[in-house]
Structure formats: C-alpha cells, structure tokens
Amino acid sequence: AQSSVTLFGIVDATIAHGRASGTGAANKTALANSGYNSSRIGFRGTEDLGGGMAASFWLEGSLGNDDGTAGQRIPVGNQNVLNGASPTNPNGVGDGAGLVFNRRSTVSLSGGWGEVRLGRDYTPSFWNLTVFDPFGTNGVGTTLTLVGPAGGLGTAGNAMAPVGTRGVIVRASNDIGYFLPANLGGFYGQFNYWLGENTFNGANSARDGTGWGGRLGYGAGPFNVAISYARTAYDATPVNPVQPITTTNTFTGAVAPTAAQIAAQRAGDFRTWNIGGQWDFGVAKVMGHYTREQRDSSAGNAGTGIPASGEIDGRGWLLGTLVPVGAGEIRASYSTYKIDAGAGADPRARQLALGYVHNLSKRTALYATAARVQNRNGAAVSLNGATLGTATSSTGYDLGIRHSF
Amino acid sequence: AQSSVTLFGIVDATIAHGRASGTGAANKTALANSGYNSSRIGFRGTEDLGGGMAASFWLEGSLGNDDGTAGQRIPVGNQNVLNGASPTNPNGVGDGAGLVFNRRSTVSLSGGWGEVRLGRDYTPSFWNLTVFDPFGTNGVGTTLTLVGPAGGLGTAGNAMAPVGTRGVIVRASNDIGYFLPANLGGFYGQFNYWLGENTFNGANSARDGTGWGGRLGYGAGPFNVAISYARTAYDATPVNPVQPITTTNTFTGAVAPTAAQIAAQRAGDFRTWNIGGQWDFGVAKVMGHYTREQRDSSAGNAGTGIPASGEIDGRGWLLGTLVPVGAGEIRASYSTYKIDAGAGADPRARQLALGYVHNLSKRTALYATAARVQNRNGAAVSLNGATLGTATSSTGYDLGIRHSF
Amino acid sequence: AQSSVTLFGIVDATIAHGRASGTGAANKTALANSGYNSSRIGFRGTEDLGGGMAASFWLEGSLGNDDGTAGQRIPVGNQNVLNGASPTNPNGVGDGAGLVFNRRSTVSLSGGWGEVRLGRDYTPSFWNLTVFDPFGTNGVGTTLTLVGPAGGLGTAGNAMAPVGTRGVIVRASNDIGYFLPANLGGFYGQFNYWLGENTFNGANSARDGTGWGGRLGYGAGPFNVAISYARTAYDATPVNPVQPITTTNTFTGAVAPTAAQIAAQRAGDFRTWNIGGQWDFGVAKVMGHYTREQRDSSAGNAGTGIPASGEIDGRGWLLGTLVPVGAGEIRASYSTYKIDAGAGADPRARQLALGYVHNLSKRTALYATAARVQNRNGAAVSLNGATLGTATSSTGYDLGIRHSF
C-alpha cells in the first residue's frame, strides 16, 4: 500500500479586542485564532482506481494555535450528547482535550456518476451561509445568520437551537452523502442523510438525532446561486434518552441520568432552509443570502426556557461585498437575525462588519476587521468576548495573520 | 537530523446493522468504523545505523472516522486504572478525547541478533487470535475467542477479564520486547515483559499490572503454526491501590478512593495460552485456533459479581477459511467460547460468520459481512449494538469500504 | 497553496529506577519517556515571501511513548486554570487525553528586522536554565534550578510557584514575541508579552495571568552568556476568578466555584531573573547558571500553606560540564536550590548528576544517567518516582534510547 498523503493546515492568529459600554460592561483583549480562516490541521489523499473511479479520504481537525490546544466537542450521535459525556460530565470532553477530526472525517468513492462520502461532514444547509458571507463565517465579522441559529441571540435566543449549540447546524456525524458530478453544465448539488444511531424496535423509533438535507446550485460565469434544506429530528420525549448519557462507572455500576437531565435533553425537530447568491461584477463581488429556521417545541422543554408549546421561528439575511484592491481585498457585510419565540418580545440583532485582507502570498495574509452589533428585545450578542452592559451594543476588532500550509 | 517519516493509516467506514428478537429486544443501525480493518492513523520510520543495525519508531492511534473522534482509553500502568482516571472520573479520558497512540507506540533497535522494542505494543498472546481469524478480529464477524476473554460473555462473562476490558489482553503499556531475527529457517518468536510501574519496598511488591509472555511459531510453504502464553498479575489486595487513582484536587487536596472503589479494583492474576495454525491449500486457506484463559479469584471480588473463591476458566476455539474469488475473497468462520465460573450455569456462546471482500485496488476494498451469535446459560453477546431480548440470539450485518494510505 | 510541511519528532524511552531509604521509603521501576530529550511530535514549515521575508509555523506536542499517551494540560489563559477545568474537574483535561501542541504552537513573520512570533512558546527566562544545563532539563539529572521553581521542593516548596506547576515557568500561552535578527555580531535577544485574556473595565484590570519578559545574550567563538527576566501577574484577589472556572452544565446551568476554590486561586505575582554562560575549552564545555525567583504573598493564600504575608524568595545555581569522548559525551552537574519562605526553616536541596551518551548516529543515541539528591529542612525532592523515607536522600537511574526523526 503505497502512501500518498497530503498534510495540510491553517495557522491563523489574531489580536482580538471586544468592547461594550454601559453599566456592567467589560472589555477583553486576547490573542485568539481563526480571525480570517479557521485554524486547522489535516490529512487527505486520493487514489486513482482506474476507469474514472477514485477513492479518497479527508481527516481535518480544529486547532487552537494561540494556546496550543486542539480538538473540539463532537456530538457523536447527532443528539444533544457530546463525546465523553456522562451524567457527571454532561459537557463531555473536547475543546482542547486533544486532536480530533471534528471538522471533517470522511472516506469517499467517486466516479463519473458523482461521489459517495461517508463520515462526519458539513451539512448541505451550512454552505450557503459561509460561501455567501464575505467573512466566510470566521472572525469578528461572522454573519449573524449563523450566530443566530447556532449560538442563539443570547439567553432568549437559545430557544432557537436544540439545547445550545449541539444541534446539527454546521456539521453532522455518521453522514452518508451523495454529490453530483462536476460536469453538469454549471449545476451542482448534494444530498445527505445522517444517523442518530439509536436502538429501536417496534415500539420505538430511531429518529432522535437522525436527519437529512440537500443543496442544489447553479454557477456560470459571474453568477452563482444555491438553495438548501435540512432537518434533524430531536424527540420531544426521546425514546432512548438514558442510553447515550448513561456511563458505566467501574466502581458503582451504571449511572442513570436524573429526570431533570432527561427533560433537558428534550428538544423539538430542527429545520432550516436558505438561499444564497453572488454576482461578480469584476470591480466587486456582491453577495447575499436569506435563511429561515424552525423548531418544534413542546411542554417538555419548559424547564429550558423554551415556550411551552408551538413553534419557534428564526429568520435572517445578509448583504455583503468583496472588493479587490491590488494585492488585497476589502470585505463588508450587513447581517441581521430575528427570533419569533412565541408570546413576548422577539429578540433581534443586526451587525455591520468591515475589513481588509492584505495578501503577502497565496498562503500568507495580514488582515484587519471591525464589527459592531446592536441588540434589541433581549438579544445579547457580544463580540470577541466582551461582556454586554446596559447599552446593548458591542464592538470588536481583529488584527491578525493567516498562514496556510 | 534528516526526517524520514511515513504517514500511514486506514479509513474504514461501515453501515452496521444489528438485530435481536424476543421481548425487550431492540435493533440498531449505525454508520460505524473498522468493519474490515481497524481505522487508524500513524507515523513510522526506520534509520539505517550501518553494520546491519537499524533504529525505528512506530506511533499509531485509533480513529473513529464515522464521527471524527480519535483516541481511546489507555491503562497506562497495565492495572485497572485508565489514563486520566480519578475517584470522580473512574473511566478516565480517552474514547474520542483526542489522538493518542494507543494502538502502538514503540522505539526499536534491531540487528542480526533480533529486535529490542520499547513502549506500548501488542501482547504475544493476541497474535494467534487475530492472525488465525479470517475476520482479523474486526467487524461483526470478530471471533468469540477474543470477545469472550476481553469483553466477557455479558454480565456473567465479565468474571473472565479483570474488571471489564481493562486487563492486558490485546496490548500492554511499558513493554520491553525481544523479537527473534527473521532468518531462522521459518522459526519466529518473541518475548515480552511489561511493567506495572508500582512503587515498592521490602514489604510491598511491584507485581500489580506487571506481566510477561512469549510466542513461538514456525511457518514454511503453505504451513504456519504458533503457540503463545501470557500472564499479568492483578493483586487481590493491591499494594498500592490508592496511589494510581488518587487525584490531587487543587482546591481540596488529594482525594482518596472509597473502600468500595478499592475493593472493585481487586482482581486475580490473569493467564492465557493459545495455539493457532493455518494451511494454504491454494483454493482456500483453512485456519483455526484454540485458546484458554484462567483467572484467580478471591473473596475480595465478591462485590463485583465474581465468585467468592476459586479459579475462573474460559476456553474457546475457531475454525475458519479464506477462499480467493477473482479480485475478492470469501471469509467464513465458526467460533465458540465458554466460561466455567464455578458453581452455577456456565455461560457460553457460538457464532457463525460469513463475508465477502471485493478489492478495488490493493488499498481500497468494499466488503459485506453477516454474523449470527447464539447465547446459552446467561451469556449475552449481541452484535452491532443490538439489545438482546428474550430470544438469546443476535444477527449483525456490515456493509462498508476500507481505504488505506 | 503548495504544501511544504516537515513532520518531526523524538521518541525517547528509558528504564527509569528511583530509590530512597529509611522508614516509609519505596522504590519504583518504570519504562518512562524523555530521559535524554523530551519525546515529541510536531509539524513545521517555512514559506519564502521574497524580499528577505518569510512566514513560518511550528506545532509541537508532548508524547508519552512508553504508554502511547500524548498531550498535556495547558493553562490556556496563563492563570491558574487549565484547559477543560471546571469546579467539578479542577485539574482539567490533558496528560494523555490526546495530542495537543503544548510544547510550541506559533505562527511567525520574519525579515531582516527580526521575527514576530504569535502563540504558545517558551518564556525567555527558561532558556538559560535548559541551555546551560548539561542534562538539558530532561531525565533524572534535570537541574534543581528548574525543579525548585516549577515543582517546588516538596510540600513547603510549593509556596514558590503559583498554585503548583501551573504558573508561567517554562512556556506561556497567548504570547506575542519579538526576536532580534541573527546578524548582530553575536548578540541575540527576545522580548515577550503574554496575555491573561481577562475581561476588564474601568474598575477591573486585565492583569491576572498577563506577563512579560526578555532575554539578551552574546555568543562568539567558545563563549556564550545570556541574562533574562520574566514576570507574570497573579492577582491576590483575582478580578475575574469565577469566570474561567465556571462551567455551563447543560442540565443544571452555570456552576460557580466555591469561596474555597476562589481562595485557592489567589497567588501573588511571580518574578524570575537568571544569568547563564558556557565556555567551550575543546576538551570540555564548562557551563553554569544562577537563578532567582520572587513571589508576592498575601493573607488570601493562607489556606494553601503559603505564609500569610511578605515575599517568598528562591535561588539556586548549577555548575556542569560536557566532555566529548569518541562518539559519545560524558555529562555531569551539581545543582542546588533554596527557598526562603519567611519564618521557619528554609527548605533546600542539592543534587549531583552524572551521565554518558553514546551516539549510534546523529539521530539515535543510547544513554545512562545516575543522580542523587539530598534534601534539607523539609525539602522533599525524590527521583524517578521514589517515595522518600525518613532518610532524606533519593537516588535515580536512567538507561535509555533516544531516536529522533
């Protein structure tokens, strides 16, 4: 077995400063990572099988190059359960615990008919948010249309995503994906199905954490547009809630979660659809996208601050531009997200971001970004680690270097 | 220091389905890994020192490519204590916490006299189980002669291995190994000694977790046969039980395990010997092995479900074949394991496995496997995550792709 | 982006034996790592940007090749808080949890004006201790001038370093470093500033965990000398003590540390300065260094065994030699460290170390080291894991192999 592996990665370091004002506000300065591109390290390769067929693999993990950490928590079953989680350690292990291939971990078989890809991969619905964001969903300028569904808009906004950020928003584990071939006259597309890996029988279902989605796009000349849809099932009363977070304690035997812990797991199905597009005018690329998320709710979620019944709706949009300037590029965007959480005030936030990237080479760039977010109705988005005060706005700055290999 | 490293690995993904029947049974479908070969990623290299001498290293870790996790819990001292374990976290860290070189981590010096190898490596007694298993101890067809000693035959079967699967069955840490040179007319062999790394003095011993073993074989033409033996000491009343699982808590000082935790650590010495062989008839390879395990028991183990006194015996055997078919290979095996746990019923299980591997290239293969296990006398082996019901059998299927690099 | 990565590392395995005598003493034998050089695995590369400019990266992590573990706890904010730490898991994750780049994780931009380096890196004050130690601060012969400040001299000595070994002694995270260019006629130097990454506002400060340091040296012909200084702020009453060790428990919400936990975090500022030098006589290199550490103390530290007020002083020195002998090298050193902890006895220790390294090639070496330490006034340094008895001395031996790639 001859070896043919490409070792690749990105080391992106940024001096990240966040500000807020009003009573209780606090600022923060950090040497952080991923201000322009996500820091990462990975291994990938392709084998030509002949007859137009190829086999390939891709293993890519997060990198915290500011402090040397690596890895990130992974919801291995796509449910609200993270790798290493147990009743006594519900947050699992990850963030800094060590290198895992949380960004992508796949094996593929491809040919003239397209590609079948197995493993952990991006959801089809994430692509429109990142491809059609001038800041590529990285750094202080990250579009609110990702911050909103994934991290919520603060306390009230947590109602949007299933139990914090554990829902299948950006990536899915145990994914079976099919990708259209490249030669379809500009059309591109993918379909994905991800497994929750529950036990099931006649009375039970296997749906908790299971989902599917697709994306279809068309790009030709200066024009590119795509739509996508994805949904993941989160049982309001999980069939197997105890199983994934029960841990076998060597000394005391199996530890079952408490009723409160089971209740906290309950979360309604999560659906998202979006559309994004871009036109390259030469002097500038103009891009935008619109996204809408829906989450079923139920009485079982009451303890988590989620309305007792009905549906939670979130929607947002972005308009942005990339303007080439010599060896560099100016980046600008306006993004907004709003959550309709039922009765009461609907939290919303809007953000303006402006930045410049100066390329020292294809691999190395210096960059500066500034962004300002304004919150309304209880939304609590803050930038670069600032603590919001009575004034509801926050300003953040990135000044960094991106080096890829 | 010129660099000469080979980066290698295997990415093996399988759609794994497990079934069971009867009251209480539950099925499961997962995108899993390692259905044909163990998924892994590693780094290795060899330096020619001249005069027939060479220095080499081998670092290889587990890979959960279905969800991007890496790493596995390691019993760093070969006792019943895992890396990162503490009284409040007795399961330690590992499984998915991040890349570790749990599969093999060695440095070697070799010459005409053989090889001295230091670090974490396979035990000599594991080789006969995996080399003479048509399924290579991977996937749904894994021989019961490994499942039995390592994971037990379910509840009653846990009596076989020292406290679950933590015993030195497949690998040992802190191992000092000697391997015979290759030019002995078909004879091959190895001797290993692994350290428990306990403190000791006149009154104490250093034996807990310490062990040794050896393997001797002969292969010529179509014929190959080998015998092996290994034993690891697990003190019935460990001399230093508190030390390895005491953790220093910054805020509260050292935390000592409870009496129950100490008791649960107690486990008798574990011994295994086996013999395996193979004959290549050309149209088919026929292989088989027989294995026997013995574990000392004591009253101190009563709380763990282990009989109050006496010895626990396990024994099993496998008969299997590999039949080349064009670019592929048919695999089949029958394996069985039985535990004599003293008074009462002796749990036993038997399994039939059948599979086909289709090689797309030397590096890439598609495969399908089916297996069915039947349990008797309280044995509770289930396949691919199924939950056994009142019927005591389970069926499992793998359908996957293996890509090596 | 063309890839150009060097994969490098060291696999160093040693049979490590430690002895002590007197009542309560215990010996230990282990297969350990890093007896000659620190075991490691890393990735690094440099890109020529033209005009004398270059961009580069360096990612290097610890390796426990005796048992396959990798990684180490990282104080990500340079405070007394480790990665993954929480009130219920104050020791965080690391040691064996998985590969992290705890040894070095940086991205650099360099030119004729020097180098700017961002990330996790060595402190400027560590270099004189390791460069001017014949044993390079590795193995049983490691100079007490590092053992003293970093690990203390046992119980009493823990007063020296901020809460155990978590202080910024060897490395700092979130570091911004500047290095002088190489062409200054023998002068070399660096200046570093590391961030604690606290939130702050008008009333608060961001100093907890923040520090700076510098090193200036001159090397020409056989002569080399350097001085360094470093200091890190540890607030006696941390402004944000709760924030870094509060964890968000999915099921129970945020968990705040107790008052005792907050108190235990309190630690005074830590300062160090040292000077080291070497003369190469040809037949032997003679080297030495002197170091002094100071730590502010306060009443808040009373619970941790630190004197209620005043300052703690530590100081030590080393004298050593390296004597080339054919393909090998004899190494010898005498080192001592003493802590003035206020009223009462001042713990002190002294050590004699002797070793031989035999190079099989540039990359591979065999080595043997013996060391003996003598403790006074409650100091409790033991070698290679021995447990001190009523006699206060300990002896340790390393016998190993170092292979680099």
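This briefing describes the enclosed cavities of the structure above and the residues that line the two largest of them. The model is predicted, with local features requiring pLDDT of at least 70 and side-chain atom pairs counting only at pLDDT 80 or more, whereas totals for chains, interfaces and linings use all residues. Residues are numbered from 1 along each chain as its sequence is written, chains are lettered from A and ligands numbered from 1 in the order in which they are written, and side-chain values use heavy atoms, with hydrogens and water left out.

**Cavity count**
- There are eight cavities of 30 Å³ or more, a cavity being a set of points, on a 1 Å grid over the protein atoms alone, where a 1.4 Å probe fits but cannot get out.

**Largest cavity**
- The largest cavity holds about 90 Å³, a volume being the space filled by probe spheres set on grid points that are joined across faces, edges and corners.
- Its lining (residues with an atom within 4 Å of a point) has 13 residues, and those closest to the centre are B:S125, B:I169, B:F270, B:T272 and B:E293.
- Strand 12 (223-232) and strand 15 (270-280) of chain B are the elements that give two or more residues to this lining, strands being DSSP runs of E with at least two residues and helices runs of H or I with at least four, numbered from the N terminus.
- Seven nonpolar, four polar and two charged residues make up the lining of the largest cavity, where Ala, Val, Leu, Ile, Met, Phe, Trp, Tyr, Cys and Pro count as nonpolar, Asp, Glu, Lys and Arg as charged, and the others, Gly among them, as polar.

**Second largest cavity**
- The second largest cavity has a volume of about 70 Å³, and its lining includes C:S125, C:I169, C:F270, C:T272 and C:E293.
- Helix 2 (144-151) and strand 15 (270-280) of chain C each supply at least two lining residues, with strand 15 giving the largest share, three residues.
- This lining comprises six nonpolar, four polar and one charged residues.

Note on methods
1 Å grid on protein atoms, 1.4 Å probe; cavity = no way out; pocket = protein on both sides within 12 Å on 5 of 7 lines; lining within 4 Å.
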